Amino acid sequence: MESTGYLKQIKKDLDLLNILKDDPSLPQEERDKIVSSYYTLVAFIAEYINPSPELTLESCSRREMLCEEKAFFENNDSIFDLLISFGDQEQISYTDVKSTKLTVDDMEKTLVEIMNFICDEELFAKFIRLYNFKKTQINLLGGKNKNANKNVSFYITTFNEAYSFANKDLTPKGLIILVHELGHALKMLTNYSGVSYDTEIYSEIISNVFELLSTYYLAKNPRFHDFAKNRQAFYWNDYLSLTRKCLLQAKFLDTLDYEEISFATLREFRHVASTTIQDSSYKCNYQELLKPVITSNLKYILGYIIAIEIVMLYDQNRNIGIEKLKALISIKDNINAEEYLNHLLNIIMPGKSLTIYKNLILNPQK
Ligand SMILES: [Zn+2]
């Protein structure tokens, strides 16, 4: 979308707020309000320039969405097979670890360590540049404005910059979520090629690599070892459940024909969904089957399964791991899904290391 007069005006407001929010002559209360308006405006501009795929989905009907998702499963055998191979894995039993609090200094120090481990010089330099502008670009401490309540990253074409908002959660869990968001931001800063619904399914790969590698790194630190192992087991089980639910959704969509999706009533849908659940070993609410698959679960599952391969590469040889991570980052987003998948398969073989990774979770790490 082009920069219209309206957008120019908003940008002027934004520039003004940006100056005012750091103006020491204003009372703190006033500045807090300005910070809040500033971030709301930043998010608004992001949405205005790059409407999110979720919004596009929201505006089309549930039925069109179901048709698209049915078509996705029909045309993507390799992804379907990947889901089956992960879905066949077993759950891991683990005990919960109490959440610990971190100081801001602690959090920042550990964050830099993690990023230093994951990134090469080039990516790390980008992270440091973002980090030095963290007041505006990484909302690490947040809390006062409503945008800090969710974890989100976006790119503003006009400014040529990436922005991340992460929860003000001074815990190891908050830390790895922040690393996830930084994965998005670094991807955008390195290779931003617009938003395409077609490749939305692949949009959580890089961020999942960063998140999973942060748990890998933390597991080597005696202080964070138990937390990291706990998190790894939690992710494994959680994604396993989501995968099984996804497979059930695919089965449900498979039993419908396109005519039915277009003309059936919700009651009829409910009937087919209930029958699908009855015949399956995985139980869930029938409403779950009617929810969008790709944007809500599938992109995260795929991100997780692919991230596992990169973690295993780092485990064997960090340099090769970094090389593959950078190759993933360099895939454009504005190509079609099939082209994206071809690039992806040239870089790694997803699903190859599932069992090895499971053993890594189970084994204490030095
Ligand atoms: Zn994400």
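The legends below describe close-up views of a predicted model.

**Figure 1. Overview of the predicted chain and its secondary structure.** The chain holds 17 helices and three strands. Of its 366 residues, 33% count as buried. Among contacts in the chain with a separation of 6 or more, 75% are between residues 24 or more positions apart.

**Figure 2. Close-up of the crossing between helices α8 and α9.** Helix α8 spans residues 172–190 and helix α9 spans residues 205–219; their axes come within 7 Å and cross at roughly 140°. This angle makes α8 oblique to α9. The crossing in which α8 passes α9 is right-handed. On the α8 side, the contact is formed by P172, I176, V179, H180, L182, G183, H184 and K187. Their counterparts in α9 are I206, S207, V209, F210, E211, S214, T215 and L218. Sorted by class, the contact of α8 with α9 comprises eight nonpolar, six polar and two charged residues.

**Figure 3. Close-up of helix α7 against helix α8.** Helix α7 covers residues 121–132, and its axis comes within 10 Å of that of α8, with a crossing angle of roughly 110°. The two helices, α7 and α8, are therefore roughly perpendicular to each other. From α7, the residues L123, K126, F127 and L130 take part in the contact. They meet L182, A185, L186, L189 and T190 in α8. By class, the contact of α7 with α8 divides into seven nonpolar residues, one polar and one charged. L182 of α8 belongs to this contact and is also listed in the contact of α8 with α9.

**Figure 4. Close-up of the packing of helix α10 on helix α14.** Helix α10 (residues 225–255) packs with α14 at an angle of about 130°, and the axes of the two helices are 10 Å apart. Helix α10 is accordingly described as oblique to α14. In this view α10 passes α14 in a left-handed crossing. The α10 residues of the contact are Y235, Y239, L242, T243, K245 and C246. In α14, they meet N297, L298, I301 and Y304. The contact of α10 with α14 has seven nonpolar, two polar and one charged residues.

**Figure 5. Close-up of L302 in helix α14.** Helix α14 spans residues 294–316 and includes L302. L302 has 26 other C-beta atoms within 10 Å, and is buried because 20 or more are required for that class. Once neighbours within four places in sequence are set aside, L302 is in contact with I79, I201, Y202 and I205. One of these residues, I79, is 223 residues from L302 along the chain, yet the C-alpha atoms of the two are separated by 8.2 Å.

**Figure 6. Close-up of the pairing of strands β2 and β3.** Strand β2 (residues 152–156) and β3 run antiparallel and are joined by five bridges. Within this pairing, S153 has S164 in β3 as its bridge partner. Strand β3 comprises residues 161–165 and is mostly covered, as four of its five residues are buried. Strand β2 is likewise mostly covered, with four of its five residues buried. In a regular strand, side chains alternate between the two faces of the sheet.

**Figure 7. Close-up of E338 in helix α16.** E338 is found in helix α16, which comprises residues 337–347. With 11 other C-beta atoms within 10 Å, E338 is exposed, because the limit for that class is 12 or fewer. D198 lies 140 residues from E338 along the chain, and the C-alpha atoms of this pair are separated by 8.9 Å.

**Figure 8. Close-up of N116 in helix α6.** Helix α6, made up of residues 104–118, contains N116. N116 has 14 other C-beta atoms within 10 Å and is therefore partly exposed. The C-alpha atoms of N116 and I128 are separated by 9.9 Å, with their positions 12 residues apart along the chain counted as the distance apart.

Conventions: Residues numbered from 1 in each chain as written. Predicted model: local features only at pLDDT ≥ 70, side-chain atom pairs only at ≥ 80, totals over all residues. Axes fitted to C-alpha atoms, helices over the stretch in contact; angles between N-to-C directions. Parallel < 35°, antiparallel > 145°, perpendicular 65-115°, else oblique. Left-handed = near helix turned anticlockwise from the far one by under 90°. Contact = placed C-beta atoms within 7 Å. Nonpolar A, V, L, I, M, F, W, Y, C, P; charged D, E, K, R; others polar. Pairing = 2+ DSSP bridges.
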